[in-house]
Amino acid sequence: MMIDPLILLQAYSIGVFPMADDRDAAEVYWVEPKQRAILPLDGFHLSKSLAKTIRRDQFRVTANRAFPAILALCAQPAPDRPSTWINRAIEGAYRHLHAIGYAHSVEVWEGEELVGGLYGVALGQAFFGESMVSRRTDASKVALAWLVARLRFGGFTLLDCQFMTDHLHSMGAVEISQRDYLQLLGAAVGELALGSGAGVLGSGSGVAAELAFAPLAGRADVGSPLPPSVTVSGPLSGQAIAQLLTHMS
């Protein structure tokens with residue numbers, strides 16, 4: 001089956017997202033958790049060991065340079081996860097969203113090897129984290145740290161993590177009620193005209209995503225609406241990322 005991209009974006013805008021029972025499942029169902037995990041962008045927990053890893057640039061971090069590869073890596077089975085909710089229909093849908101500028105990835109490299117990262121959907125000032133993966137110690141944590149810093153730089157107000165895990169909790173994620181989540185969501189995406197038809201699909205994620213991801217995608221940086229003391233001149237180095245996250249916490 002195919003997931004219509006406009007319906008998918010409209011679902012995100014009201015707090016709903018798709019899942020499948022496993023990689024080979026033919027069907028997709030829609031989920032709206034009663035308790036929602038979010039990571040407050042000013043509440044990221046940066047441990048001393050992670051800060052050290054980030055500052056010394058142990059990994060190279062990019063954005064939107066290997067989206068299909070990150071998506072495929074997230075869909076692979078792992079020892080602690082023999083199957084995955086990312087079936088072929090979902091994989092195809094997010095590849096399409098990436099092609100039209102709504103889905104974004106953060107990639108973590110060791111040399112030329114892709115060793116971790118994450119992907120999700122950006123709408124307005126909201127980023128909906130879909131999945132993260134690590135093939136080296138701390139690779140997914142590094143990806144999340146860079147994501148938080150870049151979302152902060154871009155002026156995002158909501159980082160949706162969907163479901164709470166011990167991993168996310170250790171990095172500052174909290175659970176809130178569906179009602180509270182919808183209030184945050186409405187403020188973050190309220191100005192989007194997703195009900196205006198398929199024409200909106202050509203507009204991409206918007207200014208906030210451009211600010212957050214374009215520099216890491218290899219494009220020239222652009223100014224942030226936030227004060228320099230918060231943006232640290234648009235952090236693009238591990239040292240600047242750690243500085244910004246320390247400033248936030």
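This passage describes the nonpolar cores, the aromatic pairs, one helix and the cysteines of a predicted model. Residues are numbered from 1 along each chain as its sequence is written, and side-chain values use heavy atoms, with hydrogens and water left out. In this predicted model, local features need pLDDT of at least 70 and side-chain atom pairs count only at pLDDT 80 or more, whereas totals for chains, interfaces and linings use all residues.

The largest nonpolar core (buried Ala, Val, Leu, Ile, Met, Phe, Trp, Tyr and Cys residues joined through side-chain atoms within 4.5 Å) holds 44 residues, of which Tyr94, Tyr119 and Leu123 touch the most other members. Buried here denotes under 20% relative accessible area, exposed over 50%, and partly exposed in between, with a 1.4 Å probe and protein chains only. Among the elements that give two or more residues to this core are α1 (5-13), α4 (88-99), β6 (113-123) and α7 (178-189), while α3 gives the most, with 6 residues; helices (H or I, at least four residues) and strands (E, at least two) are DSSP runs, numbered from the N terminus. A second, separate core of 40 residues includes Ala37, Ala143, Cys161 and Ala242.

Rings of Phe, Tyr and Trp (its six-membered ring) were paired if their centres lie within 6.5 Å, with planes under 30 degrees apart counted as stacked, over 60 as edge-to-face and the rest as tilted; the count comes to 5 aromatic pairs. Phenylalanine 17 and phenylalanine 163 form an edge-to-face pair, 5.8 Å centre to centre with 75° between the planes. Because phenylalanine 17 lies in strand β1 and phenylalanine 163 in the loop between β8 (158-162) and α6 (166-170), this pair ties together parts that are 146 residues apart in sequence. Phenylalanine 17 is buried, at 0% relative accessible area, whereas phenylalanine 163 is partly exposed at 36%. Phenylalanine 127 and phenylalanine 213 form a tilted pair, with ring centres 5.8 Å apart and planes at 45°, and both residues are buried. Ring pairs also link Phe67, Tyr94 and Tyr119 into a cluster.

Helix α5 (residues 139-154) is mostly covered, with 14 of its 16 residues buried. Its expected span, 1.5 Å times one less than its number of residues, is 22 Å, which agrees with the 23 Å between its end C-alpha atoms. Just after α5, glycine 155 takes a positive phi of about 90°.

A search of the whole structure for disulfides, defined as pairs of cysteine sulfur atoms within 2.5 Å, finds 0. Cysteine 74 is buried at 0% relative accessibility, and cysteine 161 is buried at 12%.
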